[in-house]
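Trainee: I would like a close look at a single part of this structure. Please take one helix, show me what surrounds it, and then move outward from there.

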Amino acid sequence: MSNIKNYPIAPKFTQQANISELQYHQMYTHSIIEPDNFWGQQANQLISWFKPWEKVSTGDFTHMDTTWFINGKLNVCYNCIDRHLPTRANHVALLWEGNEPQQSLQLTYAELFEKICRFSNVLKKQGVQKGDRVAIYLPMIPEAVVAMLACARIGAVHSVIFGGFSSDAIKNRLLDADCKIVITASDCYRGNKIIPLKHNIDTALLECPDVKSVIVVKHTENVIEWNDHRDYWYHEEINSVSVDCPCEEMDAQDPLFILYTSGSTGKPKGILHVTGGYLTYVATTFKYIFDYHDNDIFWCTADVGWITGHSYVVYGPLCNGATSLLFEGIPNYPNPSRYWEIVDKYKVTIIYTSPTAIRALRHEGDHWVTDTNRKSLRLLGSVGEPINPDVWEWYYTVIGHEHCPIVDTWWQTETGGIMISPFPGAAILKPGAASWPFFGIKPAIIDDHGNKLPADQKGKLVITQPWPGMAKTIYNNPDRFFNAYFKDYPGYYLTGDDARCDADGYYWILGRNDDVLKVSGHRISTAEVENAILADLSVSEAAVVPIQHEIKGEAIYAFVTLKMGIKPNESLKKEIIQKVRENIGAIAAPDHIQWADALPKTRSGKIMRRLLRKIADNDLTDLGDTTTLTDPSVIDRLIRGRQM
Ligand code: WTA
């Protein structure tokens, strides 16, 4: 690591930044020593409460009963919209850029308010009540934000499903959360590709009899199938209701949303976030990490189907009264200048994107960037996977003209908001380091026995004290919540990532230590993909491992054993990949399938994935102890198969 250059704080930025290095250290110490006092202050400054809390926090990780802002009453939509109206009704809340460069729209806080109130009434008209779950399967269009905030307004719990998920994946999520209503769009284009959203919902609903209504945004002119008993046009419904809809008074502990994410088993977990703690945490992290100033134009490129979209397209920015840009398209359509053209078009000041997007755009060549201006940018962000130092340098130099700090933010669906990140204007930047813990976050690095490790040693990253943004539970499955995060190392929240902390107190994230993959920043479990492959009737066994990929970070490599008598062939590979697309979605499709006559198993029947990872990566230097394998000759055959 010693050959990586560090970057001082840009002089221009030191003058602007909300937080200096000294302030960071003072506030951090305060937040750790007196968390209740610290979070009470933040929650008072950044959030409007209908009724103040009686106590800031109670509970601990050991009993899994942490609770924030006890008996406090508030409404998330009120905080994101209504309370801004007296001062910023005409301030732009949302900027929207469609898939095509000529498609754009802006909505002020007042305009967004009206749309949300109307849609809240549409939901009520459909019988949605406080606590009911509402599924949202929409592209990146303003209606997605309207639908989320309308749920928050009336106290319904949204479950946003990423538009790239297949009918099967949708069905599983609808059933698990017991949704009665779905909000979707006719279809949408991503680049040149059409995504048949409504059709995917129709297919999913064949097995979800409890879904009684589907509200459809007409997004293209294409004709779609229609069910008169169940389907309603969004544009017709919003015109059939009043614009008045009061906010529901919610308890700080009331659920705000469920968001499904992958764990180490095949079944996605419904991570549940609650009203008070989540909102306080995303509002605070947004303000400080992105060094938010009043006239910033903030662009988070994540889809609202992921946690990054929830926290930093919608709730964090709008709670701070910011202007948030929503982009429906993809980075390289119609050409690889698209991101930077959007930056110039809307004078974006802060961009928050993924290493995968940066790598892909860097790959296309600098001229796509240098033809644009980008002078409006003052801060760059990265999220979702480790950013390689050379990619960091390109982002810093070519995109940011060497004057924009980069915030490499580490966090998770479960954490609600950013946990570790440089503080722009306060931290010297080390390319590749997620850097400093946010206020109230006390990480540690531990070994397999739970002992804390000293500086520079690699180990498991844990968080040692509660913070307001942490998930409340896994919907319908508190035991799984406990087992996944709190059971193995009592008193800690186990992140599933490996990391090290250097002598300067900078955290370096080294990747997952469980069976979770990060493919193009998308979180996918090996077991989910294996189950999908096993759904093919020709397959007897499958094992999936990550393989390094220049653009995607990680790609999926599958070892597949076929049933007796079935001969491997290319069309079978295609069929298996198709199965994964049908079961999960294109994001989980394996890049490589290697036929294996057997998989390396220990005498207790466990597949030795460590070996498979090495074989897939073609790294045969040290295969480690293989004496516990039932049949060690499998390895040679797999290595030969890899080379073919
Ligand atoms: C990974 C995304 C390195 C990590 C917000 C984590 C990162 C998982 C970073 C959570 C980063 C996220 N550097 N790795 N800056 N940010 N990760 O739930 O492995 O989709 O555990 O949340 O992404 O993924 P999730």
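Mentor: We start with helix 2 and its aromatic partners, then visit some other parts. Keep in mind that this is a predicted model.

Start with the length of helix 2. Its 13 residues should span 18 Å at 1.5 Å a residue. The end C-alpha atoms are 18 Å apart, so the expected span and the model agree.

Next, which residues of helix 2 are buried? They are Tyr 24, Met 27, Tyr 28, Ser 31 and Ile 32. These residues cover an arc of only 130° around the axis, so they sit on the same side of helix 2. There is a general reason behind such patterns. An α-helix has 3.6 residues a turn, so residues three or four places apart point the same way. Now turn to the other face of helix 2. The face turned away from the buried side carries Leu 22 and Ile 33, which are exposed.

What covers the buried residues of helix 2? The cover includes helix 3 (35-46), helix 11 (275-289) and strand 21.

Now pick out one ring on helix 2. Tyr 24 is buried, with a relative accessible area of 2%. The structure holds 50 aromatic pairs. In one of them, the rings of Tyr 24 and Trp 436 have their centres 4.4 Å apart and their planes at 25°. Planes under 30 degrees apart count as stacked, so this pair is stacked. Where do the two partners lie? Tyr 24 is in helix 2 (residues 21-33), while Trp 436 is in the loop between strand 20 (406-409) and strand 21 (443-446). The pair therefore ties together parts that are 412 residues apart in sequence. Trp 436 is buried too, with a relative accessible area of 6%.

For another geometry, look at Phe 162 and Phe 165. Their rings are 5.9 Å apart, centre to centre, with 90° between the planes, and the pair is edge-to-face. Phe 162 and Phe 165 are both buried. Phe 165 also has a charge over its ring: the charged end of Arg 173 sits 4.1 Å from the ring centre.

Go back to Tyr 24. Its ring belongs to a cluster linked by ring pairs. Among the members are Tyr 28, Phe 38, Trp 39, Tyr 281, Tyr 288, Trp 436 and Tyr 506. Tyr 506 has a charged neighbour as well. Lys 430 lies over the face of Tyr 506, at 4.4 Å from the ring centre.

Strand 21 was part of the cover over helix 2. Look at its own two faces. Pro 443 and Ile 445 on one side are buried, and so are Ala 444 and Ile 446 on the other. Strand 21 pairs with strand 22 (residues 459-463) in the antiparallel sense, over four bridges. Across that pairing, Ile 446 stands opposite Lys 460.

Helix 3 was part of the cover too. Just beyond it comes a loop. Ile 47 lies in the loop between helix 3 and strand 1 (55-58). At 4% relative accessibility, Ile 47 counts as buried. Its C-alpha atom is 9.0 Å from that of Gly 276, though the two are 229 residues apart along the chain. The residues that Ile 47 touches include Leu 74, Asn 79, Leu 279 and Cys 319.

Follow that contact to Asn 79. Asn 79 lies in helix 4 (residues 76-80). Is Asn 79 buried or exposed? At 0% relative accessibility, it counts as buried. Asn 79 touches residues including Ile 47, Ser 48, His 84, Leu 279 and Leu 318.

Now leave this region for an open sheet. Eight strands form it, in the order 12-11-8-6-7-14-15-23, with mixed pairing. Strand 12 (231-233) and strand 23 (473-474) stand at the edges. Each has a single partner strand, so one side of each is left without a neighbour in the sheet. Inside the order, strand 6 (residues 133-137) and strand 8 (residues 181-185) run parallel, joined by four bridges. There, Tyr 137 stands opposite Thr 184 in strand 8.

Finish with another helix. The buried residues of helix 14 (residues 355-363) include Pro 355, Ile 358, Arg 359 and Leu 361. The buried residues of helix 14 pack against helix 13 (338-346), strand 18 (350-353), strand 19 (379-383), helix 16 (389-399) and strand 29 (553-562). After helix 14 comes Gly 365, with a positive phi near 110°.

How values were computed: Residues numbered from 1 in each chain as written. Predicted model: local features only at pLDDT ≥ 70, side-chain atom pairs only at ≥ 80, totals over all residues. Heavy atoms only, no water. Phe/Tyr/Trp six-rings, centres within 6.5 Å; stacked < 30°, edge-to-face > 60°. Helix = DSSP H or I, 4+ residues; strand = E, 2+ residues; numbered from the N terminus. Buried < 20%, exposed > 50% of the residue type's maximum accessible area, 1.4 Å probe, protein only. Lys NZ or Arg CZ within 6 Å of the ring centre and 35° of its normal. Expected span 1.5 Å × (residues − 1). Arc of directions from axis to C-beta. Contact = heavy atoms within 4.5 Å. Pairing = 2+ DSSP bridges.
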